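Welcome! Open your viewer, keep the selection tool handy, and let's take a short walk together.

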Amino acid sequence: MSLKHAVLAALLEGESSGYDLAKIFDVSVANFWAATPQQLYRELERLAEGGLVAARVVQQERRPNKRLFRLTEAGRTELHAFTAAEPRPTAIRDELMVQIQAVDVGDAEAVKASVEKHVDRTRQRLARFGRLREHMLAGRDEATYLREAERVGPYLTLTRGLSFEQENLRWGEQVLVVLAARSGNEHQGE
């Protein structure tokens, strides 16, 4: 998948400025696709040039004018074609995993500190995703939401993000227990 499709899918929420799109990515899309604001602005320009999105300028008095982007019919057609294609298998590239793989010959304390930071960031993401879930449900139970909501895609990707982060937390906590136990064993032999 390219950033193009993630941006087109995010624009299903409605017309958006580049700034607003970056906020949407940070809140709802970040659990499955990461992009910097600069990458988003460049991609929006490419999509506009390709006719997949249309832009209009909104005049503002006290701020610079802003451009709002919306999906075109060609953009919707592109998204439809994308959803019909077989997705590529997920490939994980994770520096922390490489550090864990090499922890036995590396700096175990530095790796432990990296895992602790990973666990803290995971807890923060879980809290943010939980707040987003509550906002989406707006007091409804999940079954009612899934039956009544205009769109279920954002909720389904959110639940995947929640599951992923819950497993990240479980794994990170397990790694910390193992590293702490191994650290204690090393000192016992001295």
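## Stop one: the sheet

Start by selecting residues 66–71, which make up strand β3, together with β1: the two strands pair in the antiparallel sense over two bridges. Keep in mind as you look around that this is a predicted model. Within this pairing, find S17, which stands opposite L68 in β3.

Now add the remaining strand to your selection. The three strands form an open sheet in the order β1-β3-β2, with antiparallel pairing. At the edges are β1 (16–17) and β2 (53–58), each of which pairs on one side only.

## Stop two: helix α6

Next, select residues 108–137 to bring up helix α6, which has 30 residues. From first C-alpha to last, α6 reaches 43 Å, close to the 44 Å expected at 1.5 Å a residue.

Zoom in on the N-terminal end, where D107 acts as the cap of α6: one of its side-chain oxygens lies 3.2 Å from the backbone nitrogen of E109. Then travel along the helix and show the side chains of its buried residues, among them V111, V115, H118, V119 and T122. Further on, L126, F129, L132, M136 and L137 are buried too. Just after α6 comes A138, with a positive phi near 45 degrees.

## Stop three: two tyrosines

Which residues form the one aromatic pair in the structure? Select Y145 and Y155: their pair is tilted, at 5.0 Å centre to centre and 45 degrees between the planes. Y145 belongs to helix α7 (residues 142–148) and Y155 to helix α8 (residues 153–188), so the pair ties together parts that are 10 residues apart in sequence. Both Y145 and Y155 are buried.

How values were computed
Residues are numbered from 1 along each chain as its sequence is written. This is a predicted model: local features need pLDDT of at least 70, side-chain atom pairs count only at pLDDT 80 or more; totals for chains, interfaces and linings use all residues. Side-chain values use heavy atoms; hydrogens and water are left out. Two strands pair if DSSP finds at least two bridges between them. Helices (H or I, at least four residues) and strands (E, at least two) are DSSP runs, numbered from the N terminus. Rings of Phe, Tyr and Trp (its six-membered ring) pair if their centres lie within 6.5 Å; planes under 30 degrees apart count as stacked, over 60 as edge-to-face and the rest as tilted. Buried means under 20% relative accessible area, exposed over 50%, partly exposed in between (1.4 Å probe, protein chains only). The expected span of a helix is 1.5 Å times one less than its number of residues. A polar contact is a pair of N or O atoms within 3.5 Å; within protein, one must be able to donate a hydrogen and the other to accept it, and residues adjacent in sequence count only if both atoms are side-chain atoms.
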